[in-house]
Amino acid sequence: MYKDLKSYLLPQYLIERDDYRCIRCEVCARQCAFEVHWYDEEEDAVFADESKCVGCLRCATLCPTNALVVRPNPTQPPPNANWTMEVLQNIYKQAETGGVLLTGMGCDKDYPIYWDRIVLDASQVTNPSIDPLREPMELRTYLGAKPDALKVSRKGGRPDLQTKLTPQLKLETPIMFSAISYGAISYNACESLARAAAEVGTYYNTGEGGLHRNLYKYGANTICQVASGRFGVHADYLEVAAALEIKIGQGAKPGIGGHLPGEKVSAEISRTRMIPKGTDALSPAPHHDIYSIEDLAQLIYALKEATHWEKPVSVKIAAVHNSAAIASGMVRAGADIIALDGIRGGTGAAPTMIRDNVGIPIELALAAVDDRLRQEGIRNRASIVVAGGIRSSADVIKAIALGADAVYIGTAALVALGCHVCQKCYTGKCNWGIATQDPYLSKRLNPDVGARRLVNLLTAWSHEIMEMLGGMGINAIESLRGNRLRLRGVGLTQEELDILGIKHAGS
Ligand code: SF4
Ligand code: SF4
């Protein structure tokens, strides 16, 4: 890279400051880790270097007088459907750096969002609806292998369950927090997720970053991941978890490993991940001991054996073309939970081209996997959890009707913490104190406030799910699982409808 190469990049955002409103408080200057704003004493004015702005909106949100407007730069090249501004900017960047384009969060391409093309049914006249404020409504969900039939005998006049159940995760609402590693996000963000999961009665997931010792007290609500790098995996880590998850793939970057840059590997991260401070943490693309379903079965067995067969084991894959066949193998390998992560799943850092061009939408993968497991008569042997672009309670309930037992939310949870999806997580300078290890920035996220915001989000979504269930005349989320008759497609082709296993609206 030539240092003095003139950049042809245009600012992505324009910053407009209303000088009449601006009180020169310098909040924007102090709050921006990208050093966009500065106060000039001589001019008694605040200026901005727009070329550095990433659009995180921290400045505009905290400006006490609403003096700031940050908007996408409307300057565009001559109209051209092929050579859009984004394409040109990417080429300029690479011509200037010679590097792989990096990004954060999930794919932002205009692929169809099937959740928005699916509508829910509601009871009218017959099968009356249920008022969830007056009648009981069950959102409790159990994840893990279920027996096909239960054997019950009578003991002292009371039913006595004879069938031995395998370990289950008990969720008070069918929503968990996705795998996000300590390293990708700050300690305060991890603590917010852990505390919210404990308060709501659900689970958060360590990702591949190990588990900070201070968070062991939330172990009963923690899913501990075992990824290809085996970062932070040791006996105590396995022991403290409520469940274990083998990470094979991730929706944002199917087929490749992870990379936590050395600058983010602080003393605490180094201790937690069991890697030297300041060194890059590279997790390989494959597990070096998994090349077949049999190898996967061995690792599942080893983890169950190491934890006395007391914890369910999940296996997470990215949603790809043949997810259904892979999922079938995973179930036969002994996975209790299948976690599917779609193309819109988030990440702390991924090559842009991989994030935006590899994988498939979660809706299609879910329908295909649920179908396949049903056809093979093994659907009960594992629960399905889906992730990758769940944005609202409506997405959750549609996912469950399509065949999921529960969902993971990642981006939505970070948005609840303040994230504005600027996609610059990989810089480590998150102005919202989330995707950073900078102690000054991390302090911006108070875990008391973070946990409260997350609890509020899950509470609100749970209420909405209950209302939608009631509207369908259903009083338990379990009764909706895989009930695709309660869904209809709008504006979808016959092929899409066939894959989703739903009818078109009006039929
Ligand atoms: S935060 Fe708002 S009021 Fe304060 S200096 Fe910046 S633009 Fe002016
Ligand atoms: S976590 Fe922070 S850096 Fe990442 S997208 Fe959200 S606001 Fe931007």
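**Exercise 1.** State how far apart the C-alpha centres of domain 1 and domain 2 lie.

*Solution.* Step 1: take the bounds, which come from an automatic or database domain assignment; domain 1 covers 13–99 and domain 2 covers 165–183 + 201–411 + 453–504. Step 2: the C-alpha centres of these two domains are 36 Å apart.

The model is predicted: local features need pLDDT of at least 70, side-chain atom pairs count only at pLDDT 80 or more, and totals for chains, interfaces and linings use all residues. Residues are numbered from 1 along each chain as its sequence is written, while chains are lettered from A and ligands numbered from 1 in the order in which they are written.

**Exercise 2.** Describe the residues around ligand 1 and those around ligand 2.

*Solution.* Step 1: a residue is near a molecule if its C-beta atom, placed from the backbone, lies within 6 Å of it. Step 2: ligand 1 has 14 residues around it, with Cys22, Cys25, Val27, Cys28 and Cys63 nearest. Step 3: ligand 2 is surrounded by 15 residues, of which Cys419, Cys422, Cys425, Cys430 and Ala435 are the closest.

**Exercise 3.** Identify the edges of the open sheet of 8 strands.

*Solution.* Step 1: strands are DSSP runs (E, at least two residues), numbered from the N terminus, and two strands pair if DSSP finds at least two bridges between them. Step 2: the order is 11-21-20-18-17-14-13-12, with parallel pairing. Step 3: strand 11 (175–177) and strand 12 (204–205) each have a single partner strand, so one side of each lacks a neighbour in the sheet. Step 4: strand 12 runs parallel to strand 13 (residues 222–226), joined by 2 bridges; Tyr204 stands opposite Thr222 in strand 13.

Key. Helix = DSSP H or I, 4+ residues; strand = E, 2+ residues; numbered from the N terminus.
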